[in-house]
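This note is offered to a colleague who has the sequence and the coordinates to hand. It is best read with the structure open alongside.

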Amino acid sequence: MVLGVLLFLLPLWIGYNLIETLLHLNSKQWQDFITPGGSYYHPAWKVYRIVTPVAEAALLLGALFAFDLFRRKSRRFPVAMMILLSADFLVELVDVVFLGRMATIDLSNFQEVSGLVGRAMLCMTCLPYLATSERVGATFTD
């Protein structure tokens with residue numbers, strides 16, 4: 001039950017992040033980051049501006065694929081879900097490290113890294129459950 005709720009909410013969460021990213025791509029703030037001579041200009045921001053929506057779109061497709069495997073009760077679901085959760089954590093980790101190196105977030109501020117901490121906790125609880133649970137193994141048999 002909890003796994004189904006998580007699987008339903010995960011695409012919504014990722015989709016929300018993707019929409020937020022896409023809505024702010026042409027904002028005044030981004031122009032300051034990517035325009036040479038702008039107050040926060042750095043050449044790496046152009047790459048970040050492209051890679052972030054692509055990574056989030058890939059995660060959204062992965063979440064929809066995992067949801068489809070869950071719906072069909074495919075035995076490939078636990079592996080797909082473990083890959084999705086790991087990829088989501090890695091994307092958030094790279095994002096936080098990049099923003100920390102660009103000095104746009106304070107890594108000592110919990111609020112700024114709470115997304116990373118939440119994803120780490122999700123991985124630490126769900127990955128062992130998906131890998132070792134007899135219930136999961138018995139549920140997904142096709």
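The numbered points below go from the overall model to its confidence, its salt bridges, its cysteines and its surface.

1. Status and confidence. The model is predicted, and its confidence should be considered before any detail. The mean pLDDT of the protein is 84, with 98% of the residues at 70 or more. Confidence is lowest in helix α2 (residues 28–34), where the mean is 74, and highest in helix α4 (residues 77–101), where the mean is 90. As a general caution, predicted coordinates should not be read in detail where pLDDT is low.

2. Overall architecture. The protein contains six helices and zero strands, so that the order of elements from the N terminus reads α-α-α-α-α-α. Along the principal axes, the C-alpha atoms occupy a box of roughly 60 × 30 × 20 Å. Of the contacts between residues at least 6 apart in sequence, 65% join residues at least 24 apart.

3. Burial and surface. Buried residues account for 35% of the 142 residues in the protein. The accessible surface amounts to about 8,900 Å², and carbon and sulfur atoms contribute 68% of that surface.

4. Salt bridges in helix α3. Four salt bridges are found in a search of the whole structure. One of them joins the side chains of Arg71 and Asp68, with an N to O distance of 2.6 Å. Arg71 and Asp68 are three residues apart in helix α3 (residues 44–71), and therefore about one helical turn separates them. Asp68 also forms a salt bridge with Arg72, in which the closest N and O atoms are 3.1 Å apart. Asp68, Arg71 and Arg72 are thus to be viewed as linked in a network of salt bridges. How accessible are the members of this network? Arg71 is exposed, with a relative accessible area of 54%. Arg72 counts as partly exposed at 40% relative accessibility, and Asp68 is partly exposed as well, with a relative accessible area of 23%.

5. A buried salt bridge between helices. Another salt bridge pairs Asp88 with Arg119, and the closest N and O atoms here are 3.0 Å apart. Asp88 lies in helix α4 and Arg119 in helix α5 (residues 110–132), so this pair ties together parts that are 31 residues apart in sequence. Are Asp88 and Arg119 buried or exposed? Asp88 counts as buried, at 4% relative accessibility. Arg119 likewise counts as buried, at 6% relative accessibility. The reader may wish to view this pair beside the network of Asp68, Arg71 and Arg72.

6. Cysteines. How many disulfides does a search of the whole structure find? The search finds zero. Cys123 is in no disulfide, and the nearest cysteine sulfur, that of Cys126, is 7.7 Å away. Cys126 is also in no disulfide, its nearest cysteine sulfur being that of Cys123 at 7.7 Å. The cut-off for a disulfide is a pair of cysteine sulfur atoms within 2.5 Å, so a separation of 7.7 Å does not qualify. Both side chains are to be sought away from the surface: Cys123 is buried, with a relative accessible area of 9%, and Cys126 is buried, with a relative accessible area of 12%.

7. Surroundings of Met82. Met82 is found in helix α4 and counts as partly exposed, at 22% relative accessibility. Which residues does Met82 contact, leaving aside its neighbours within four places in sequence? They are Leu127, Leu130 and Ala131. The C-alpha atoms of Met82 and Cys123 are separated by 8.1 Å, although the two residues are 41 residues apart along the chain.

8. A nonpolar surface patch. Val5, Phe8, Leu9, Leu12 and Phe67 form a nonpolar patch on the surface, and together they have about 460 Å² of accessible area. Which element supplies the largest share of this patch? Helix α1 (residues 2–23) does, with four residues. Phe8 is one of the patch residues, and its place is in helix α1.

Notes. Residues are numbered from 1 along each chain as its sequence is written. This is a predicted model: local features need pLDDT of at least 70, side-chain atom pairs count only at pLDDT 80 or more; totals for chains, interfaces and linings use all residues. Side-chain values use heavy atoms; hydrogens and water are left out. Buried means under 20% relative accessible area, exposed over 50%, partly exposed in between (1.4 Å probe, protein chains only). Patches are made of residues with over 30% relative accessible area and no salt bridge: like charges are joined within 9 Å, nonpolar side chains (Val, Leu, Ile, Met, Phe, Trp, Tyr) within 5 Å. Accessible areas come from the Shrake-Rupley method with a 1.4 Å probe; for residues, only the protein chains shown count as cover. Helices (H or I, at least four residues) and strands (E, at least two) are DSSP runs, numbered from the N terminus. Contact means heavy atoms within 4.5 Å. pLDDT is the predictor's confidence in each residue, from 0 to 100.
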